[in-house]
Amino acid sequence: MTEGKKMKLAVLTSGGDSAGMNAVVRAVVKAGIIKGCETWIVREGYEGLVRGNTEGHKHASDKGTASPRLKHTENSEEFVHNLRFGDGELLKDGTGDHLGGRTLRGRYIVRVGWDDVRGWFAEGGTLIGTARSTTFRTWEGRLTAAHNMVKEGIDALVVCGGDGSLTGADVFRSEWPKLISELRSQGRITEEQATQHAHLKLVGLVGSIDNDMSMTDLTIGAPTALHRICESIDNINSTAFSHSRAFVLEVMGRHCGWLALMAGLSCGADFIFIPESPPDADRWEDEMCQMIQNHRDVGKRKTIVIVAEGAIDSKLQPIRADFVKDVLSERLGLDTRVTTLGHTQRGGKPCAMDRILPTLQGIEAVDALLEATPETPSYMIGVRENKITRVPLMDAVKMTREVSQAISEKDFKKAMSLRDPEFCESLDGFYATSVLEHEPKLPHHLRMRVAIMHIGAPAGGMNAATRAAVRYCIRQGHKPFAIHNGFVGLLDDNVHQLSWLGVDNWMTRGGSELGTNRKSPEIDLGAVAAKFQQYNFHALLLIGGFEAFTSLQTLEQGRKHYPAFNIPMVHLPATISNNVPLTEFSLGSDTSLNALVDACDAIKQSASASRNRVFVVETQGGKCGYIATMGALATGACIVYTPERGIDLDMLRYDVRFLKRRYGLDAKGKAEGRLVLRNEVASDVYTTEFITKMLKEEGGSLFDSRSASLGHTLQGGIPSPLDRARAVRLSLKSMAFIEKHHQELLKQQTRTKQASPESAAIITIQGTSVQWVPVQEMVEHADMKNRRGKHAWWEGYQELVEALVARPQILAKTGNKQDVPH
């Protein structure tokens, strides 16, 4: 923060609630305090801005529960004066309007401190409330809202809501100078106030379970809503299978079919209806019945049809779940049920992604406010693949509304083009994996025998990727072969051809249906080549972690000696450790993070019940600290130990000092249980047991210590929806890559084919795009000794974990900042 007037920022949530909104509020408050701002929340959305605070009310804004002994290390602000203002528990417990004792009644713009938002991001919905405000839509309502903000001295606003809420925010900002001018002319504010509040700084974040905003890949709450839907469908699957029933499920999505599409893709549905790509009004009943009958003819016992609430046909006539049920019952004679998931999709605690992304977006929002000028547009904070982005808010709103307009004008091609590329790819992926063709698409000479193998430790999404590859192969006319138990299984002839129906239920299965181990082809490379030749494999798809990468390297190097390896070979990264170089996500890492979050939520509950207990939680991850670091960000852990950084005595000494000071600042009788995450191989000497005993000894009367090892539970049970959807997308891209390079080999006129180095590659997610990296090039980016990449995109988040628990501020009294490790 620059010298001069301190920025006062407020955050509000508006429109429909969504999981992750509390994580936004928490992040904005904490980032604001770190940057030297005063932080406020607005209760009940825009309605709270209009209602403001009753006359005569005075905030304790100058007196937080504080001790002057700790100072902000960068701008000399007293951090602990922002520690708590006493209203956090009222907001979290829902007792704000209780008449007895302290109350929020009559107060809608509330000063909050660091501890007032403690633990919020594990809660669903929005703790500060949301409401549809008709008053704010009027000039008089916005005039009153501006007056209330000026009275409290607030000059910056963060709005988390849907496109309607963000449009209202931009209108508010554009009208702000006129609103201030009118307030001044009416004598409701002073000239000094008018000068100080001449411009409003504003930034928007998209809170919507529908994922209906353009120019961002994910909206806040959409991943959690998808989790709720997939959990419901996974549960329905068993009863549908038992009775050989059909189920028609209606999910939310009035103008956007993302939830229906991703649920259909992630759960292996038979048919979906989405507004962006409606079926032909005159033929959809026939097409749906034919497709489902084809599935039944090959022996499928259950049928799942997903209908978005805004589903329409090509003539814009609504398609209702009950009507779909009648069609299936009457025309196919299926015992059919309808399930409307309704508001269960909004509820429940946020998934890992809806804790991490809103946290990062909230921090970016504060940075955007601090950098804002009267000339800069209002920004929307979004995400592209793995990067937090800023885009002009109204550009995103305009494009979003163009989708609805295109649908209403029956320009469905334009509607699809306005969605992000992954949406279109996912729709293609759904049809590629759900349509059972009578005739293969490719001519005989282009058809292949494709080997599929799992290597390394099991990871969520391996089976989903295999299922997608198998379905695609059969659709094209290829023959997919499963190699069980890795290269050992290949040498034992444990190979068999997979069928369309045989992989039907694999989407929801965790682990590895093919069996997996860490053996490399080096056990007998010549014998492996002989087996490739014996089975006449034309392509190889390896699904696994670092071992799959090194195996691909060995096979590629073996091409000069063994012609059988001159075929397209692809590695699809799948490992909970997320340690494959260059790629930012591996299949299984999201499932693992969610398993860690679930476990740590339960552990933290136990720790908090004991008030003053620290749990040292050991995570898997090998020599890669991804799971520990991102898990710490998702669970609010106060310390994280990783192999990349290691552990030493100085570090432990400062960790103990930090915990002592932090517990010393807790309100009496209300100390919080805290988490320390330690990667299993962060240190050979300073083990989990050692750290636990050390903290127990040093904690004295301030805090106790226990340990918990999550072990193989982190491999997860049922894969997360994001891992399933990502598995389909990457698997289909892998198959297209294999087909392309196979066809290039066929063009060679020589008897012995020579595959190019580019035909042995790893599919990676880098920044905002999916990229292919030849295995030879990948080696340059790999730390082969420690089995991880040389550079990790997430390493900077370790400092963020510490910032979000105020470690630098709490340790500031030790003197020079350079004295503090980490």
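In the predicted model, Asp 115 and Arg 118 are joined through their side chains by a salt bridge with an N to O distance of 3.7 Å. This separation satisfies the criterion, because a salt bridge requires a side-chain nitrogen of Lys or Arg within 4 Å of a carboxyl oxygen of Asp or Glu. Asp 115 is classed as buried because its relative accessibility is 11%, the limit for that class being under 20%.

A salt bridge is also found between the side chains of Glu 364 and Arg 390, at 2.7 Å from N to O. This pair connects distant parts of the chain, with the two positions 26 residues apart in numbering. Glu 364 lies in helix α11, which spans residues 353-371, and Arg 390 lies in strand β11, which spans residues 387-392. Arg 390 has a relative accessible area of 27% and is therefore partly exposed.

Asp 704 and Arg 706 make a further salt bridge, in which the closest N and O atoms are 2.8 Å apart. The two partners fall into separate accessibility classes: Asp 704 is buried, at a relative accessible area of 16%, whereas Arg 706 is partly exposed, at 33%.

Salt bridges with shared partners connect Arg 84, Asp 115, Arg 118, Lys 604, Arg 662, Asp 666, Glu 672 and Arg 674 in one network. The Asp 115 and Arg 118 pair described above thus belongs to this network. By the distance rule, the count of salt bridges in the model is 57.

Notes:
Residues are numbered from 1 along each chain as its sequence is written. This is a predicted model: local features need pLDDT of at least 70, side-chain atom pairs count only at pLDDT 80 or more; totals for chains, interfaces and linings use all residues. Side-chain values use heavy atoms; hydrogens and water are left out. Buried means under 20% relative accessible area, exposed over 50%, partly exposed in between (1.4 Å probe, protein chains only). Helices (H or I, at least four residues) and strands (E, at least two) are DSSP runs, numbered from the N terminus.
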